[in-house]
Every structure is written in C-alpha cells, then in structure tokens.
Amino acid sequence: MPRHLLLLLVLATSCLPALSRPAEDTDSERAQLRRQQHELEALHAQRLANCAKRFEVNKCRDKAMAEHRSRLKPLLERERSLDDEERANRALAQSLRSSVRQMDGVASAPAVRPARTASQPAVPRRVARSQAELEARRAEKLAKDEEQAAERVHQAQRRQAALAAHAKSVQERNARRAGTPSASLPVPTAASIAALPAASATSRH
C-alpha cells in the first residue's frame, strides 16, 4: 500500500470516535433539552405567581429564582457541550478533507526532482536579493509618502492662515464702515433766517 494512503487511513481511523455520534441522536437530545427548559420555565412562572400571593414576596421570589437557575444550569451546560462536540466534528472533518487533498498532491507530484547544475544560480541568494530590493523600494516609497503628507499639512496650514487673515481684514473693514459718522445737516444762511418772521406772520393772518 502506498505510504500516503496508509497515513490517510490512520488519520481517518483516529477521527472515527469523534465522528461516530449520529446527527439524529444530537438533534433528538437537543429537542429533549428544549422540552425540559420549557417545562422549567412554566414551573418557574407558576412559582412566581404563587409568591405574589404570599406575605414575604421578595424572599419567595429570590428562592424560586435560585432554584430555577440551579435546575436550568445543567441543561444549558449540556447544550454548550453539544455545541462544542459539533464544532469539533466539523473541524475534524475539515482537517480530514484537507489531509486528503494534501495526500493527493503528494501522490501526483513527481517522485524525483532534477538536480541543480553548477551553472544554475543559487535560489536562496536570488530570493534574498529580491527581498532586499523589495524592502528598499518599500522604504523609499514610505519616505516619499511621508514627505508628501508633510507637504500637504504645510499647504493646509498656509491656506488656513490666509483664510484667517482675509476674514480678519473683512471684519476690520466692516467695523470701520459701521463706525463712520452720518452726514451733518446743512447750515442755515442769513437770508433764510431773516425770512422766518415774515413766514410766521403770513401764517397767522
């Protein structure tokens, strides 16, 4: 038997205990847990209603709630345990499928790889040189981006200062306009003053 098939068989055998629980059993147990929870909820509601008729209502309610939590706790813990089992089963099934794909890839790969000749360059050195060049380009780009970001900040500050100066100039100009005195009335002449008594006399007649 090929080695990869043997490994796959061993892995599948190790997963059998975790995957051996039928899904129907889990669903049936979950349904039973839900029924028990509904029964406990109904019983708890009835006990609270009875407590309302007693003299020490709060004491009765506290006792009923404590008993309800203690009875409900194992059911909730069992539900969490079933959830954990389902998650573990799904993880094992996924791991098994991944192992099958990996084994198929190993089986389909060529058994012997051609040896590197002396004329071929060393792959690790070429990879290291490419990595160094990539890091240098990244550092250069990062420095350029930082420089451009600083320039944008400076430009924004200059624009903000210019806008503030303009706003201040406008406010000062408006203030000067608001403080300008109004035009004075015309000064009466001597002729107009002399004509006043005659006009008054005419108005009396």
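1. A residue counts as buried when its relative accessible area is under 20%, as exposed when the area is over 50%, and as partly exposed in between. By that criterion, 9% of the 205 residues of the protein chain are buried. The model discussed in this note is predicted.

2. Overall fold. The protein chain contains five helices and zero strands. Read from the N terminus, its elements follow the order α-α-α-α-α. Among contacts in the chain with a separation of 6 or more, 72% are between residues 24 or more positions apart. The accessible surface amounts to about 17,200 Å², and carbon and sulfur atoms contribute 58% of that area.

3. Nonpolar core. The largest nonpolar core consists of five residues, namely Leu33, Leu40, Leu72, Leu75 and Leu82. Two elements, H2 and helix H3 (57-108), each supply two or more residues to this core. The largest share, three residues, is provided by H3.

4. Gln37. This residue lies in helix H2, which spans residues 23-51. Is Gln37 buried or exposed? Its relative accessibility is 15%, and Gln37 is therefore classed as buried, the cut-off being under 20%. Leaving aside residues up to four places away in sequence, Gln37 touches Leu72, Leu75, Leu76 and Glu79. Two of these neighbours, Leu72 and Leu75, are also listed in the largest nonpolar core. With Glu79 there is, in addition, a polar contact between side chains, at 3.1 Å.

5. Salt bridges across helices. The structure holds 10 salt bridges. One of them pairs Glu29 with Arg78, and the closest N and O atoms are 2.5 Å apart. This pair connects distant parts of the chain, since Glu29 belongs to helix H2 and Arg78 to helix H3, with their positions 49 residues apart in the numbering.

6. The network around Arg78. Which residues are linked with Arg78 in a network of salt bridges? They are Glu29 and Glu85. In the bridge between Glu85 and Arg78, the closest N and O atoms are 3.9 Å apart. Arg78 has a relative accessible area of 26%, so this residue is partly exposed. The corresponding value for Glu85 is 31%, and Glu85 is likewise partly exposed.

7. Glu56 and Lys59. A further salt bridge joins the side chains of Glu56 and Lys59, with an N to O distance of 4.0 Å. How are the two partners classed by accessibility? Glu56, at 45% relative accessibility, counts as partly exposed. Lys59 reaches 60% and is therefore exposed, because the cut-off for that class is over 50%.

8. Glu151. This residue is placed in helix H4, which covers residues 123-178. The side chains of Glu151 and Arg158 are joined by a polar contact of 3.4 Å. Glu151 has a relative accessible area of 37% and is therefore partly exposed, a value between the limits of 20% and 50%.

9. Points to inspect in the model. For the H2 and H3 helices, the reader may wish to view the salt bridge between Glu29 and Arg78, the polar contact between Gln37 and Glu79, and the five leucine residues of the largest nonpolar core. For H4, the side-chain contact of Glu151 with Arg158 may be viewed in the predicted model.

Conventions. Residues are numbered from 1 along each chain as its sequence is written. This is a predicted model: local features need pLDDT of at least 70, side-chain atom pairs count only at pLDDT 80 or more; totals for chains, interfaces and linings use all residues. Side-chain values use heavy atoms; hydrogens and water are left out. Helices (H or I, at least four residues) and strands (E, at least two) are DSSP runs, numbered from the N terminus. Buried means under 20% relative accessible area, exposed over 50%, partly exposed in between (1.4 Å probe, protein chains only). A polar contact is a pair of N or O atoms within 3.5 Å; within protein, one must be able to donate a hydrogen and the other to accept it, and residues adjacent in sequence count only if both atoms are side-chain atoms. Contact means heavy atoms within 4.5 Å. A nonpolar core is a set of buried Ala, Val, Leu, Ile, Met, Phe, Trp, Tyr and Cys residues joined through side-chain atoms within 4.5 Å. Accessible areas come from the Shrake-Rupley method with a 1.4 Å probe; for residues, only the protein chains shown count as cover.
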